[in-house]
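The following exercises ask the student to read a protein structure step by step. Each task is followed by a worked solution.

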Amino acid sequence: MKPLRLPYHILAILYGTYILVTFLQPVTAQGATYYVATTGSDSNPGTSTSPWRNPKKCAAAPIRAGDTCIVRSGSYTDTDGDGTVVWIYNRTTTPSGTASQPITIKSEKPLGASIVVPSNRIGYGFIVQKPYYIIQGFDISGGNNSGVSGAGVGIYTTSSGSGTIIRSNTIHHIGRAACTNSTATYSGVVIRDVSGVLVEHNRIYSIGRRRTGESGCVAIMPRHDHGIYISNASNATIRRNVIYDSNRGYPIHAYGGTMTNLSIYHNTLSGKSPTGTPVGHILLSTTINTANIKNNMSNGAQSGMIYFYQLKASKLTIDHNISTTLLNVKARSSVAGATFTNNFEKISSLGIVNASANDFRLASGSAAINRGTTSGVPSVPDGAPDTAAYEYSALKSLSSPTTPTGLTGQ
C-alpha cells in the first residue's frame, strides 16, 4: 500500500515545527547524511543515490555523532531474527551521539517509513541502548507475539540510552492481534533505567492485546499494556503527546524503582476501558522524587485522571490539569509529598472538536483554553498556555491530524 500523503500543515504538526511547540535547540555542527530505502542494499555506501536496505545500518559504522540517517518511505521489519527492527546495541562498536551532536534516525517523509514490529518472537521496533539518539517521524505498529511470554514495544530505551529523543512518531496497534496471558508488556514507548529521555509530539493509540471475547480470545491480563511506560528513570520529560485507546493499561504508567525529576505536561489523554479497569489515565507508583504534572487534559477516564498505587512521593506537583472526571481517582484522599493546585475537574464538556473521530483539537470556547500555567513549561506566543497537547490559538483553522479510519476501540 502506498504511504499516506498528508497536507503540509499536518506534517508540520507531526514534526512539531510550529512556533508554539518548537523549543530552542543548541546549534550543532553539520554531520554527514546517510540514506535507507527498500530498493537499497546494505553493501551500498548509504548515499542518496546508493542507499542502504535496512535501518539497522543507521546504528553502525560509518555513522558518527552528529550524523543523520534518513529512511525513505516503505515498510521495514526485522531481517536478522533478533526480534528488533533497529537495535542500537550497548557495545563499543555502536556509535554514540552527544548532547550537542545527537545521531538522528528519521523518516524522510513524516510517517512515510513504516516500522513493523515482528510478531514471530518478542518484538521491538527500536531498542536504544546508546546515548543521544533521535527517533523521528516513523509509523510504528505490530508486535503481535501470542506466546506465553509474548511482548511487543514500539520504542524501548534503556541501559546507556541517556538523552534519547522520541519525536513526532505515530505508534499504534502494538499487540492488538495478540492473545496471551503473558505478564510482559505490549507498550508504545518504554523508558527504563535511563536518564534524560524526551518523548514529544507523538500520537499513540490502540495499544494492547485482545481481551476475553475479542476474536475468540480468553485473557485475564487487563492492566499490563501501556501507552508510555516509565520505570526507574530520571529527568524524563513527556510532553505534547496525544494518547487514546490505550486502555488495556494506562496511557502513562510510572512504576518500578525510583523516578527523579519527572515532567509530564501538555498531553491529551482520552478514553476508558469497557471493563472498568484501569481506573485512570496516569498511574504513579513506587518512589517518585520531584515531579511536575501540568497542563494535561484527561477526557473520559473511568474514575479520574491520576491513580496513586503504593506511592512514596516527595515534591510531586499536580497543577493546572483539566479532566472530565476527578483529578485523583481516590477523590480527596491525600498522598504524602503530593500537592494538587489550580486543577479543573468534573468538567462536563472540554470543548474538543470531535473526540469520537479522534480529533482532539480545541474548539472555540473550550474550557481548556488559557487555563494552563507558564511556570516550568516552555512559553507559547500568546503567553497563556492551554491545558492540552494542542494550542487553540495556532491550530484553530487547521484540519485535524489524519487518523486511519475504520478502527474500533475496545
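**Exercise 1. Determine what share of the chain is buried, and describe its overall make-up.**

Solution. In this predicted model, buried residues account for 55% of the 410 residues in the chain. Turning to secondary structure, the chain contains two helices and 29 strands. The next step concerns contacts between residues at least 6 apart in sequence: 75% of these join residues at least 24 apart. Finally, the surface is considered. The chain exposes about 16000 Å², and carbon and sulfur atoms supply 51% of that area.

**Exercise 2. State which residues touch the most other members of the largest nonpolar core, and examine two of them.**

Solution. Step 1: the largest nonpolar core has 63 residues, and those touching the most other members are Ile-191, Ile-230, Leu-284 and Leu-316. Strand E24 (residues 304-319) contributes the largest share of this core, with seven residues.

Step 2: consider Leu-316. Beyond its neighbours within four places in sequence, Leu-316 is in contact with several residues, including Leu-284, Ile-293, Phe-308 and Ala-338.

Step 3: consider Ile-191, which is placed in strand E13 (residues 186-192). Ile-191 has a relative accessible area of 0% and is therefore buried, since the cut-off for burial is under 20%. Residues up to four places away in sequence being left out, Ile-191 touches, among others, Thr-157, Val-197, Ile-228 and Ile-230. The C-alpha atoms of Ile-191 and Tyr-156 are 6.3 Å apart in space, although 35 residues separate the two in sequence.

Step 4: a second, separate core of 15 residues includes Tyr-205, Ile-322, Leu-350 and Ala-388.

**Exercise 3. Identify which parts of the chain the salt bridge between Glu-200 and Arg-167 ties together, and analyse a second pair likewise.**

Solution. Side chains of opposite charge can pair when their charged atoms come close. In this model the count comes to 12 salt bridges.

Step 1: the side chains of Glu-200 and Arg-167 meet in a salt bridge at 2.6 Å, N to O. Because Glu-200 lies in strand E14 (residues 198-200) and Arg-167 in strand E11 (residues 165-167), the pair ties together parts that are 33 residues apart in sequence. Glu-200 is buried, with a relative accessible area of 2%, and Arg-167, at 12%, also counts as buried.

Step 2: Arg-176 and Glu-214 form a salt bridge through their side chains at 2.5 Å, N to O. Arg-176 lies in the loop between strands E12 (170-174) and E13, and Glu-214 in the loop between strands E15 (203-205) and E16 (228-231), so this pair links parts that are 38 residues apart in sequence. Arg-176 is buried at 12% relative accessible area, and Glu-214 counts as buried at 13%.

Step 3: some salt bridges share partners, and such bridges join Lys-56, Asp-78, Asp-80 and Asp-82 into one network.

**Exercise 4. Which side chain of opposite charge is nearest to Asp-139, and how far away is that side chain?**

Solution. Step 1: Asp-139 lies in strand E9 (residues 139-142).

Step 2: the nearest side chain of opposite charge is Arg-203, at 9.6 Å. A salt bridge requires the nitrogen and oxygen atoms to be within 4 Å; Asp-139 is buried yet has no salt bridge.

Step 3: the side chain of Asp-139 does make a polar contact with the side chain of His-172, at 3.1 Å. Apart from residues up to four places away in sequence, Asp-139 touches Leu-111, Ala-113, Ser-114, Ile-115, Thr-170 and His-172.

Methods
Residues are numbered from 1 along each chain as its sequence is written. This is a predicted model: local features need pLDDT of at least 70, side-chain atom pairs count only at pLDDT 80 or more; totals for chains, interfaces and linings use all residues. Side-chain values use heavy atoms; hydrogens and water are left out. Helices (H or I, at least four residues) and strands (E, at least two) are DSSP runs, numbered from the N terminus. Buried means under 20% relative accessible area, exposed over 50%, partly exposed in between (1.4 Å probe, protein chains only). Lys and Arg count as positive and Asp and Glu as negative; His and the chain ends are not counted. A polar contact is a pair of N or O atoms within 3.5 Å; within protein, one must be able to donate a hydrogen and the other to accept it, and residues adjacent in sequence count only if both atoms are side-chain atoms. Contact means heavy atoms within 4.5 Å. A nonpolar core is a set of buried Ala, Val, Leu, Ile, Met, Phe, Trp, Tyr and Cys residues joined through side-chain atoms within 4.5 Å. Accessible areas come from the Shrake-Rupley method with a 1.4 Å probe; for residues, only the protein chains shown count as cover.
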